[in-house]
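Thanks, everyone; I would like to walk through one model this morning, starting with its pocket and then moving to the surface and the charged contacts.

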Amino acid sequence: MFVALDGAPGPVAALVRIPQISWERIDHPGDVLAVGDRVRALVLHVDLEREQVSLSIRALLPEPPPREKTESEVLLEMRVEALRRKLRES
């Protein structure tokens, strides 16, 4: 998603990649943003030759708490740990 930078001395292409928009998975920027929305973003990278800027909105948002593990994830972790113990003992 390309955005316009306030205060830039001329047109500058600023890019926010989809994973840098939100901590949650989104399929399209329009799922969480609309044309004309004003957002705060952190500058990740500046390419002076191409006059491009990479931004992250997500970097300025609070990180969500860790989600609960599913039963299958817990069982898989238990199996992996049992296999590790078995390999260490042999």
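By class, the lining of the largest pocket has 15 nonpolar, three polar and four charged residues, where Ala, Val, Leu, Ile, Met, Phe, Trp, Tyr, Cys and Pro count as nonpolar, Asp, Glu, Lys and Arg as charged, and the others, Gly among them, as polar. Before going further, please keep in mind that this is a predicted model, in which local features need pLDDT of at least 70 and side-chain atom pairs count only at pLDDT 80 or more, while totals for chains, interfaces and linings use all residues. Residues are numbered from 1 along each chain as its sequence is written, and side-chain values use heavy atoms, with hydrogens and water left out.

The volume of that largest pocket is about 480 Å³, and of its 22 lining residues the closest to the centre are Val3, Ala4, Asp37, Arg38 and Val39. A pocket here is an open set of points on a 1 Å grid over the protein atoms alone, where a 1.4 Å probe fits, with protein on both sides within 12 Å along at least five of seven lines, and lining residues have an atom within 4 Å of a point. The volume is the space filled by probe spheres set on the points, which are joined across faces, edges and corners.

Turning to the surface, Leu42, Leu44 and Leu60 make a nonpolar patch of about 250 Å²; patches take residues with over 30% relative accessible area and no salt bridge, nonpolar side chains (Val, Leu, Ile, Met, Phe, Trp, Tyr) being joined within 5 Å. Areas come from the Shrake-Rupley method with a 1.4 Å probe. Leu44 lies in strand β3, residues 42–47, a strand being a DSSP run of E of at least two residues, numbered from the N terminus. Leu44 counts as partly exposed because its relative accessibility is 45%, the class between buried, under 20%, and exposed, over 50%.

What is unusual about the phi of Glu51, given that Glu51 is not a glycine? Its phi is positive, at about 55°, and Glu51 sits in the loop between β3 and β4 (52–56).

Finally, the salt bridges number six, each a side-chain nitrogen of Lys or Arg within 4 Å of a carboxyl oxygen of Asp or Glu. Arg50 pairs with Asp47 at 4.0 Å, whereas Glu73 and Arg67 meet at 2.7 Å, N to O. Arg88 bridges to Glu81 at 3.3 Å, and these two are linked with Arg84 in a network of salt bridges.

Terms used. Patches are made of residues with over 30% relative accessible area and no salt bridge: like charges are joined within 9 Å, nonpolar side chains (Val, Leu, Ile, Met, Phe, Trp, Tyr) within 5 Å. Helices (H or I, at least four residues) and strands (E, at least two) are DSSP runs, numbered from the N terminus. Buried means under 20% relative accessible area, exposed over 50%, partly exposed in between (1.4 Å probe, protein chains only).
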